[in-house]
Amino acid sequence: MCNFNNHDDEAKAYIHLFMTKASQSVGGVNILLSLIESLKEKKPNALILSEKKVKSKEAQIEWNKIVFKDKFDTLEDVIRSHKSSEGYNFNILDTDNSKTAKKILNMIKTLAPIEFVVKANSGDGFTFKVFDKVEDGYASINPIFVAIFFCSTEFTKKALKYEI
């Protein structure tokens, strides 16, 4: 998931368009990259911070609900197990193990309402959610969420430079 070159053309175009619009809405590429780097500095991961907010020099990201470690670990396992996926719309509920499927379903129910709001000193900002689609028996992780919280800034740079 975090290797931009492994994505199919549709996924690359989707990520490119969103990241381009996102960078424009916060005032530029450098502001977006600076915010992503600020997220990466938080250890073990910014998602499990009790403040539910990370600031960079010119922007900030906030979310409306605390992510507890057990749900974060399940999410990280799902992302890690699908790291070689080329598309962005794979079903994370597609598993043979019923115990794992139940953990994933509980994680989805907990994290689906979370909305991330990115604000900048200059620009309108943007919002996104953890999941792209959540339907009966189907759920897919938003590739923008993965790019911002789990992938390197190099991933975002490649996405921004990609030509459709």
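**Figure 1. Strand β2 is mostly covered.** In this predicted model, 4 of the 5 residues of β2 are buried. Its partner on one side is β1, and the two strands pair in the antiparallel sense over 3 bridges. A good pair to look for is Val-54, which stands opposite Ile-61 in β2. To pass from β1 to β2, the chain makes a hairpin through 3 residues. β2 also pairs with β3, again in the antiparallel sense, here over 5 bridges. Find Glu-62 in this view, and you will see Val-117 of β3 opposite.

**Figure 2. Four strands form an open sheet.** In what order do the strands of this sheet lie? The order is β1-β2-β3-β4, and the pairing is antiparallel. Strands β1 (53-55) and β4 (126-129) stand at the edges with a single partner strand each, so one side of each has no neighbour in the sheet. On average, neighbouring strands are turned by 15° against each other, ignoring direction. If you are new to sheets, it helps to remember that strands pair through backbone hydrogen bonds, in either a parallel or an antiparallel way.

**Figure 3. Strand β3 meets β4, and its side chains alternate.** Strand β3, residues 115-120, is joined to β4 by 4 bridges, and the two run antiparallel. Two pairs are easy to pick out here: Glu-115 stands opposite Lys-129 in β4, and Phe-116 stands opposite Phe-128. Now follow the side chains along β3: which of them point to the buried face? Phe-116, Val-118 and Ala-120 point to one face and are buried. Glu-115, Val-117 and Lys-119 point to the other face and are not buried. The hairpin of β3 and β4 has 5 residues between the strands, and within this hairpin Gly-123 takes a positive phi near 120°.

**Figure 4. Helix α2 packs on the sheet.** Which strands does helix α2 touch? This helix, residues 29-41, packs on the sheet and touches β1, β2 (59-63), β3 and β4. The direction of α2 makes about 55° with that of β2.

**Figure 5. The loop between α2 and β1 holds two backbone features.** Begin with Pro-44, which is found in this loop. A cis peptide bond joins Lys-43 to Pro-44, with omega at about 0°. Further along the same loop you come to Lys-52. Phi of Lys-52 is positive, near 55°, although the residue is not a glycine. Why are these two places worth a look? Most residues other than glycine have a negative phi, and most peptide bonds are trans. Is Lys-52 buried or partly exposed? Its relative accessibility is 26%, so Lys-52 counts as partly exposed.

**Figure 6. Two helices contribute to the lining of the largest pocket.** How much space lies in the largest pocket? The value is about 150 Å³. Rolling a probe the size of a water molecule over the atoms shows where empty space is left. The lining of this pocket has 12 residues, and those nearest its centre are Thr-74, Asp-77, Val-78, Thr-100 and Ile-104. Helices α3 (69-81) and α4 (98-111) are the elements that give two or more residues to the lining. By kind, the lining residues divide into 3 nonpolar, 5 polar and 4 charged.

**Figure 7. Leu-105 sits in helix α4.** Leu-105 is a residue of α4. With a relative accessible area of 36%, Leu-105 is partly exposed. Look for Ile-92 too: Leu-105 and Ile-92 are 13 residues apart in sequence, and their C-alpha atoms are 9.2 Å apart in space.

**Figure 8. Helix α6 includes Thr-153 and Lys-161.** Start at Thr-153, which lies in α6. Is Thr-153 buried or exposed? Its relative accessible area is 12%, and buried means under 20%, so Thr-153 is buried. Leaving aside residues up to four places away in sequence, Thr-153 touches Leu-33, Ile-36 and Glu-37. Now move to Lys-161, also found in α6, which covers residues 153-161. Lys-161 has a relative accessible area of 67%, and exposed means over 50%, so Lys-161 is exposed. As a last stop, find Leu-17: its C-alpha atom and that of Lys-161 are separated by 10 Å, with the two residues 144 apart along the chain.

Terms used:
Residues numbered from 1 in each chain as written. Predicted model: local features only at pLDDT ≥ 70, side-chain atom pairs only at ≥ 80, totals over all residues. Heavy atoms only, no water. Pairing = 2+ DSSP bridges. Axes fitted to C-alpha atoms, helices over the stretch in contact; angles between N-to-C directions. Contact = heavy atoms within 4.5 Å. 1 Å grid on protein atoms, 1.4 Å probe; cavity = no way out; pocket = protein on both sides within 12 Å on 5 of 7 lines; lining within 4 Å. Points joined across faces, edges and corners; volume = space filled by probe spheres on them. Nonpolar A, V, L, I, M, F, W, Y, C, P; charged D, E, K, R; others polar. Buried < 20%, exposed > 50% of the residue type's maximum accessible area, 1.4 Å probe, protein only.
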